[in-house]
Amino acid sequence: TVLTAICLVIGVAVVPTRGAAGVDPFDRLVVSVWVGLLLSALALLTVALLFPLHPGKVLTGLTLGGVVLSLTGRVRDRVGSLLAQLRNEYWSEGGRLTSGLIILLPAILIGIYCSREITYFDTGLYHYQMVALLQEYGILKGAAQIHDRFGFSSSWFALATGFRAQTLSGFAVLLSAIHLLVLLRRLHRTVVTTSDRSGAAI
């Protein structure tokens with residue numbers, strides 16, 4: 001998806017590669033996407049101090065940022081190297097079906113779950129309203145005078161101005177679920193690392 005690609009490029013540009021020779025490429029992918037997602041959210045919240053976060057402009061800005069970063073030689077080489085390692089490790093002739101199922105089945109189940117009507121109390125109380133305020137005005141000074149919950153400035157709300165809340169929640173859960181399934185798959189290997197065990201336990 002667009003969000004995955006943007007977060008991957010931003011994360012790869014920031015996450016250091018020194019000492020990553022023995023790190024599984026999928027772990028590097030997941031860490032890079034998480035870091036890219038968090039940095040995107042923080043950047044948008046910072047922009048909201050000065051400007052409204054119109055949905056179209058948010059998506060355009062993140063996409064342009066990802067494209068510009070991907071054009072730099074260092075980031076392009078890092079992304080290419082990471083994808084090549086993933087292809088060799090997980091998308092080989094023998095593991096292609098398993099890897100496809102690990103991605104497809106959670107995506108279908110989580111997609112069905114996230115497409116339901118939202119009934120969470122706090123979402124109706126102030127989450128949607130905070131996103132709407134950020135879209136129309138940016139961070140609105142004095143909003144907490146209307147309701148104390150409007151005083152919570154979350155970077156997740158800033159990111160939700162460009163993407164539906166269900167999309168973001170589903171994306172985060174899907175990324176975690178796929179990572180867990182990959183970790184469980186790796187536990188069946190002959191050599192199991194401590195990070196595999198601790199990651200699956202977490």
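**Entry 1. The second largest pocket**

I began with the lining of the second largest pocket, which by class has 11 nonpolar, five polar and two charged residues. I note here that the model is predicted. For the volume of the second largest pocket I wrote down about 420 Å³. Its lining is made of 18 residues, and I118, Y120, A165, Q166 and S169 are the ones nearest the centre.

Next I looked up where this lining comes from. Helices α5, α6, α7 and α8 each supply at least two residues of the lining of the second largest pocket. Which helix gives the most to the lining of the second largest pocket? I found that α8 does, with four residues.

**Entry 2. The largest pocket**

I then turned to the largest pocket, with a volume of about 790 Å³. I counted 32 residues in its lining, and those nearest its centre are T4, L29, I103, L174 and I178. Sorted by class, the lining of the largest pocket holds 21 nonpolar, eight polar and three charged residues.

Five helices are on my list for the largest pocket: α1 (2–14), α2 (25–47), α4 (73–90), α5 (96–114) and α8 each supply at least two lining residues. Helix α8 gives the most here, with nine residues. I had already written α8 down as giving the most to the lining of the second largest pocket.

**Entry 3. H179**

Having met α8 in both pockets, I picked a residue from this helix. H179 lies in α8, which covers residues 165–186. Is H179 buried or exposed? Its relative accessibility is 19%, and buried means under 20%, so H179 counts as buried. I also looked up its contacts. With neighbours within four places in sequence left aside, H179 is in contact with F26, D27 and V30. Of these three, I note that the numbers 26, 27 and 30 fall within the range 25–47 listed for α2.

**Entry 4. The cysteines**

I searched the whole structure for disulfides and found zero. I then checked two cysteines for burial. C7 has a relative accessible area of 0%, so I entered it as buried. C114 is at 19% relative accessibility, and it counts as buried because the cut-off is under 20%.

**Entry 5. R76**

R76 lies in helix α4. At 44% relative accessibility, R76 counts as partly exposed. Which residues does R76 touch, not counting those up to four places away in sequence? I found S70 and L71. I also took one distance: the C-alpha atoms of R76 and V12 are separated by 9.2 Å, although the two residues are 64 residues apart along the chain.

**Entry 6. Two loop residues, L50 and F51**

I moved on to the loop between α2 and α3, where α3 covers residues 55–71 and F51 has its place. L50 is found in the loop between α2 and α3 as well. The relative accessible area of F51 is 52%, and exposed means over 50%, so F51 is exposed. L50 is also exposed, at 68%.

I looked up a C-alpha distance for each. F51 and I139 are 88 residues apart along the chain, and their C-alpha atoms are separated by 8.1 Å. L50 and L140 are 90 residues apart along the chain, with 9.7 Å between their C-alpha atoms.

**Entry 7. S153**

Where is S153? I placed S153 in the loop between α6 (121–137) and α7 (155–160). Its relative accessible area is 45%, so S153 is partly exposed. The C-alpha atoms of S153 and M130 are separated by 8.2 Å, and the two residues are 23 residues apart along the chain.

**Entry 8. The whole protein**

I left the overall counts until the end. How many helices and strands does the protein have? I found nine helices and zero strands. Read along the sequence, the pattern is α-α-α-α-α-α-α-α-α.

Of the 202 residues of the protein, 35% count as buried; I have already entered C7 as one that is buried. The protein exposes about 12,100 Å², and carbon and sulfur atoms supply 67% of this area. For the contacts with a separation of 6 or more, I noted that residues 24 or more positions apart account for 74%.

Key
Residues numbered from 1 in each chain as written. Predicted model: local features only at pLDDT ≥ 70, side-chain atom pairs only at ≥ 80, totals over all residues. Heavy atoms only, no water. Buried < 20%, exposed > 50% of the residue type's maximum accessible area, 1.4 Å probe, protein only. Contact = heavy atoms within 4.5 Å. 1 Å grid on protein atoms, 1.4 Å probe; cavity = no way out; pocket = protein on both sides within 12 Å on 5 of 7 lines; lining within 4 Å. Points joined across faces, edges and corners; volume = space filled by probe spheres on them. Nonpolar A, V, L, I, M, F, W, Y, C, P; charged D, E, K, R; others polar. Disulfide = S-S within 2.5 Å. Areas by Shrake-Rupley, 256 points an atom, 1.4 Å probe, with all protein chains shown as cover.
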